[in-house]
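Visitor: Hey, got a minute to go through this one with me? I'd like to start with the pockets and then poke at the backbone.

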Amino acid sequence: MTDFPLLYAAASHVEHLEQTESTNDHLVAVAHLLPVFSVAFTLNQTRGKGRLGRSWLGKPGKTLAISIVLPWLCDSSHVSSWLPIIVGVSVADALRELDIPEISVKWPNDVLCRGKKVAGVLCEAASERRVVAGVGLNLSAHRNELPTATSTSLAIEASLGKNIVDAFCATLVGLLWERVGADGSEVPAVELGALYRTKIGTIGKDVRVHEPGGAVWLGVAEDLDEHGHLLVRSVESGETRQVVASDIVHLRH
Ligand code: BTN
């Protein structure tokens with residue numbers, strides 16, 4: 001406990017796991033027994049899960065996996081689809097508070113540092129009106145230890161203080177508590193677009209959209225709709241399409 005005093009003060013309950021397959025799986029199984037804003041974290045996750053059924057790979061000892069129990073916002077479906085975006089923006093804001101440079105969010109919730117992915121978010125429903133929000137953060141991996149050429153780690157981009165894990169986790173939990181509230185009531189139903197649209201770095205960018213079915217097309221990311229889905233104007237047809245579950249690549253010009 002003494003190694004993580006800020007996190008223990010910020011969260012309702014903390015489980016520091018030496019090793020686990022997936023902090024999300026661990027918390028989803030016990031979320032109904034725990035208060036909201038309970039946390040499980042490890043530096044040694046062995047079977048991490050990513051978005052769209054992929055794996056999340058992290059070098060043991062060099063990647064943080066943290067999962068947090070949040071209240072379920074499903075009563076208002078347009079609010080619940082914003083939750084992963086709120087988590088991604090909060091991860092980005094927590095990293096900025098720790099002076100990590102050039103942080104941005106790639107829709108829906110990848111967090112980039114100097115344009116390369118440093119963190120990812122996976123939100124999963126649990127029982128008893130709870131959601132588990134999982135965050136994977138590349139802490140200290142060297143370039144040759146990262147899963148892709150488009151990934152980076154905090155240690156590559158910044159000089160890290162000794163208590164970076166404690167400070168990051170505590171700041172993230174604090175921001176989510178503020179933005180979601182103990183029962184989800186802090187999430188305003190109508191102003192989400194106004195609040196979060198400006199925080200998504202994808203908006204205004206030229207992008208390549210990779211749909212789950214294999215279609216690939218180019219466009220300009222224009223806005224978020226009322227569900228937090230991305231609106232992209234196709235270069236080819238000029239029509240604006242709603243992008244729900246696809247991969248986005250930011251194109252540089
Ligand atoms: C992505 O970028 O595709 C999302 C990655 C999410 C990884 C985190 S690590 C903590 C939590 N536990 C998991 O199994 N996945 C999430």
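Guide: Sure. One term first: Ala, Val, Leu, Ile, Met, Phe, Trp, Tyr, Cys and Pro count as nonpolar, Asp, Glu, Lys and Arg as charged, and the others, Gly among them, as polar. Also keep in mind that this is a predicted model.

Visitor: Noted. So how do the residues lining the largest pocket divide by class?

Guide: The lining splits into 13 nonpolar, 19 polar and 11 charged residues. The pocket itself holds about 1000 Å³ of space.

Visitor: Which residues lie nearest its centre?

Guide: Lys106, Asp110, Lys117, Thr150 and Ser151, out of 43 lining residues.

Visitor: And which strand gives the most to that lining?

Guide: Strand 8, residues 116-126, with five residues.

Visitor: What about closed space? How many cavities of 30 Å³ or more are there?

Guide: The count is one. That cavity has about 50 Å³ of space. Around it sit Leu43, Gln45, Trp56, Leu57, Gly58, Lys59, Thr63, Leu64 and Ala65. By class, the cavity lining is five nonpolar, three polar and one charged.

Visitor: Where does the largest share of the cavity lining come from?

Guide: From strand 5, residues 63-71, which supplies three residues.

Visitor: Switching to packing. Which residues touch the most other members of the largest nonpolar core?

Guide: Val91, Leu95 and Phe168, in a core of 69 residues.

Visitor: Take Phe168. What does it touch, leaving out residues up to four places away in sequence?

Guide: Phe168 contacts Leu64, Val91, Ala94, Leu95, Leu98, Val135 and Leu137. Two of the names there, Val91 and Leu95, are also among the core members with the most contacts. Leu64 turned up earlier too, in the cavity lining.

Visitor: Right next door is a cysteine. How many disulfides does the structure hold?

Guide: Zero. Cys169 is in no disulfide, and the nearest cysteine sulfur, that of Cys123, is 16 Å away. The cut-off for a disulfide is 2.5 Å between the sulfurs, so that pair doesn't qualify.

Visitor: Are those two cysteines buried or exposed?

Guide: Cys169 counts as buried because its relative accessibility is 0%. Cys123 is at 22%, so it counts as partly exposed.

Visitor: OK, backbone now. Which peptide bond is cis?

Guide: The one from Trp107 to Pro108, with omega near 0°. Most residues other than glycine have a negative phi, and most peptide bonds are trans.

Visitor: Where does Pro108 lie, and what does it touch?

Guide: Pro108 is in the loop between strand 6 (103-106) and strand 7 (110-113). Not counting residues up to four places away in sequence, Pro108 touches Arg51, Ile85 and Ile200. Its C-alpha is 10 Å from that of Leu83, which is 25 residues apart from it along the chain.

Visitor: A loop residue, then. Why does Pro108 count as buried?

Guide: Because its relative accessibility is 11%, and the cut-off for buried is under 20%.

Visitor: You mentioned phi. Which residues other than glycine have a positive phi?

Guide: Leu52 is one of them, with phi near 55°. Arg114 is another, at about 50°.

Visitor: Where are they found?

Guide: Leu52 is in the loop between strand 3 (48-49) and strand 4 (55-56). Arg114 is in the loop between strand 7 and strand 8.

Visitor: And how accessible are they?

Guide: Leu52 is partly exposed, at 41% relative accessible area. Arg114 is partly exposed too, at 38%.

Notes
Residues numbered from 1 in each chain as written. Predicted model: local features only at pLDDT ≥ 70, side-chain atom pairs only at ≥ 80, totals over all residues. Heavy atoms only, no water. Core = buried A, V, L, I, M, F, W, Y, C linked by side-chain atoms within 4.5 Å. Buried < 20%, exposed > 50% of the residue type's maximum accessible area, 1.4 Å probe, protein only. Contact = heavy atoms within 4.5 Å. 1 Å grid on protein atoms, 1.4 Å probe; cavity = no way out; pocket = protein on both sides within 12 Å on 5 of 7 lines; lining within 4 Å. Points joined across faces, edges and corners; volume = space filled by probe spheres on them. Helix = DSSP H or I, 4+ residues; strand = E, 2+ residues; numbered from the N terminus.
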